[in-house]
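This report describes the fold, the cores and some local backbone features of a single protein chain. The sequence and the structure come first.

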Amino acid sequence: MSAAACLRSLFLLLIAYLSLGAVNAHACTATAQDVFLVGNTTTDAACNYNTIQAAINAATCPAGTRIYLTSEVAYTAQHLAISNKNVSLIGRKSGTTCGALTIACGLMFPCPTAPLETISGSGHSGDSVITIRGASNVTIQYLTVSDGHDSSSGSGGGIDYDGTGSLTLDTSTVSNNVAGYGGGINVKATGGPAELHINQRTLILSNTANTSGGGIRIEGDTKMTMNAPFTWVALNEATSGYGGGVEVLNNATANIGSPGYVNAAVIYDNTAKYGGGIAVTADAYLYLYTTDPLHPVGIDNNTALNTGGGIYISPRSPSGSDICADNFRITNNIAQEGSGLYADVDSNGDGAQISLNSNSLGCEDRLATRGSVACDASQQCSIVHGNYAMDVGNGNAPTNGAALLLQSGNILYATKLDVRDNHGGYALRELGNTIEPVFYTTVALSNCLFAENSVSHELILSSDGNAHLNLFNCTFAHDSIGASRVIAANDVLALNDSIIDEGTTAALVFSGSASNLSNQYNIAGNTTGLAPGPTNIQTTPTYVDPTHGDYRLFYGLQGGTLVRSAGIDYAPPLGGIDIRELPRDQTISATPLFGKRDIGAYEMQGVADRIFIDTFGDQVLLAH
């Protein structure tokens, strides 16, 4: 063996020596955690305890205690109680005895990618599998927590945390648990703040809440963070209440930025009466954002029996219930009303505040501190796609619900929003405030695209009270619309710098005071309802490739002839960015109409040079 090979072998042995250690020795110091091993104390003298509960009871180390679970015993009929403890419950590889050395994974040795042991409540009912109280910091690692059956009015079938401190799950699964509230996990801050960390390779699967919070329920001054990859909240159910996947209530905060599990959205295929995916109720907060540019955060394929297929949010009175979302996907969800998003109202006319890709409420600044990043250009982001308004309790009968519905008093600010291929009564419906006339419902959309939706009524309806609807630099194209108008509003409407390409369907009907209508620099297939004058023109734009969903305006050569779509260099400059986050006010043609700003969702960017110019009669884009 060469000298270099010998040195390498000695180095690896040294690393192994430093990484391996018998874990049955008590090691508690002011800074070092104690270590306990659970196994068969009768046949294996290296084991400290033969039950998990005995090890928990003995854990007194201020720095914390790591409790390793071997497969020498079966952990069934478990109902563990942890109170005022700092402990970690850690699974060990099947077949490993208490006396076996433990490898410190991560640097030289791969870490487990799935749970190694199971703590099961099977054989015991009426309790959570793990109950945590007092000032406790608990970590669950390499474990499955399953088959807990708390009472119909109890909380946390798998894990019930009621106290102050933290609960962390890492490479663990919480599955097949049942409770009244928080079927999988219930975390309620009591006596101080609490934190829930859903770390990498952690799955919350197939849990049931008889009322609310099928997968996870967080309450009070609790902050949940779920940013890590390979995390999944899926196949959970809240049978008669809120939040099939996650319920966030009473001042709690959910930070969700995980790319999800393999190719599935992080919040997937959950069911509830209200808020199939997520319910945000009673002054709570949801932050939804992307942390992996190639895998945007998603809420997909969830079902609400009543309202809010993807997300349900209740009023913010007196101080909360806000949503800040950026670079997200709300797709393929189902509800009778608000299949993608439903914002509710209370008896005082109070609503929620919702910011989508907007810095209203300071959202973009707050999301940046949580790890939010922009999506890669190859990914579809900030989309509300493929949601269906239907009644699953009535044979999936179609309803007149909207993909996005805001009840009285709610506020929605959104930009760079792509709303496509939704089915129902409306793509967006805004109900004005009839309860408290001093306040009004507000919807403000800019740089938005509505395309290929199939609706039985108007594409967008703002009605029934005090409601402000502001649509700026948006494209409405190729939707199937059952009403005789694309947009209808009755109070305050601003429709500017936009494209209404919906064939012969009238652009809008406005029944409010003329002084409350602002519309200019628009083009439409049918300008009925738009203010007469030179800035609103009846014409049809030319797109790059609408057959494949590309609604950029065309500027280039077709068969050797220069084609410039209507809407390019159409309106006065105002700055800002378009739906792709590209700069506005780019001059493409030599003869701007009213200014150099393109109308609609896209601002075309000039191409500096071309090597090949339409030699074979193919299309050549001179803008992108």
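A nonpolar core is here a set of buried Ala, Val, Leu, Ile, Met, Phe, Trp, Tyr and Cys residues joined through side-chain atoms within 4.5 Å. The model is predicted. In its largest nonpolar core, which has 96 residues, Leu167 and Ile256 touch the most other members. The element that gives the most to this core is strand S13, residues 185-198, with six residues. Another core, of 20 residues, lies apart from it, and Leu449, Ala477, Tyr551 and Leu553 are among its members.

**Overall build**

The chain holds three helices and 60 strands. Its C-alpha atoms fill a box of roughly 90 × 70 × 45 Å along the principal axes. Of its 624 residues, 55% count as buried. When contacts between residues at least 6 apart in sequence are taken, 75% of them join residues at least 24 apart. The exposed surface of the chain is about 23200 Å², and carbon and sulfur atoms supply 52% of that area. The chain has 26 positive and 52 negative charges, and the mean positions of the two sets are 6 Å apart.

**Around isoleucine 256 and strand S25**

Leaving aside residues up to four places away in sequence, isoleucine 256 touches Met224, Met226, Asn227, Val266, Ile267, Ile278, Leu286, Tyr287, Leu288, Tyr289 and Val297. Strand S21 (residues 253-256) pairs with S25 in the parallel sense over four bridges, and in S25 leucine 288 is the bridge partner of isoleucine 256. S25 also pairs in the parallel sense with strand S29 (residues 322-325), again over four bridges. There, leucine 288 stands opposite alanine 325 of S29.

How are the two faces of strand S25 (residues 285-288) placed, covered or open? Both are covered: Tyr285 and Tyr287 on one side and Leu286 and Leu288 on the other are all buried.

**The sheet of S58, S59 and S60**

Three strands form an open sheet in the order S59-S58-S60, with antiparallel pairing. Strands S59 (561-564) and S60 (620-621) stand at the edges with a single partner strand each, so one side of each is left without a neighbour in the sheet. Strand S58 (residues 555-558) pairs with S59 in the antiparallel sense over four bridges. In this pairing, glutamine 558 has threonine 561 of S59 as its bridge partner.

**Loop residues with positive phi**

Most residues other than glycine have a negative phi. Two residues with a positive value are listed here.

| Residue | Phi | Loop between | Relative accessible area |
|---|---|---|---|
| Asparagine 176 | near 60° | S11 (173-175) and S12 (178-181) | 40% |
| Glutamate 581 | about 65° | S59 and S60 | 38% |

Asparagine 176 is partly exposed, and glutamate 581 is also partly exposed. The loop that holds glutamate 581 runs between S59 and S60, the two edge strands of the sheet described above.

Serine 175 belongs to strand S11. Is serine 175 buried or exposed? Its relative accessibility is 10%, so serine 175 counts as buried, the limit for buried being under 20%. Not counting residues up to four places away in sequence, serine 175 touches Thr144, Val145, Ser146, Asp147, Leu205 and Asn207.

Note on methods
Residues are numbered from 1 along each chain as its sequence is written. This is a predicted model: local features need pLDDT of at least 70, side-chain atom pairs count only at pLDDT 80 or more; totals for chains, interfaces and linings use all residues. Side-chain values use heavy atoms; hydrogens and water are left out. Two strands pair if DSSP finds at least two bridges between them. Buried means under 20% relative accessible area, exposed over 50%, partly exposed in between (1.4 Å probe, protein chains only). Contact means heavy atoms within 4.5 Å. Accessible areas come from the Shrake-Rupley method with a 1.4 Å probe; for residues, only the protein chains shown count as cover. Lys and Arg count as positive and Asp and Glu as negative; His and the chain ends are not counted. The place of a charge is taken as NZ of Lys, CZ of Arg, CG of Asp or CD of Glu.
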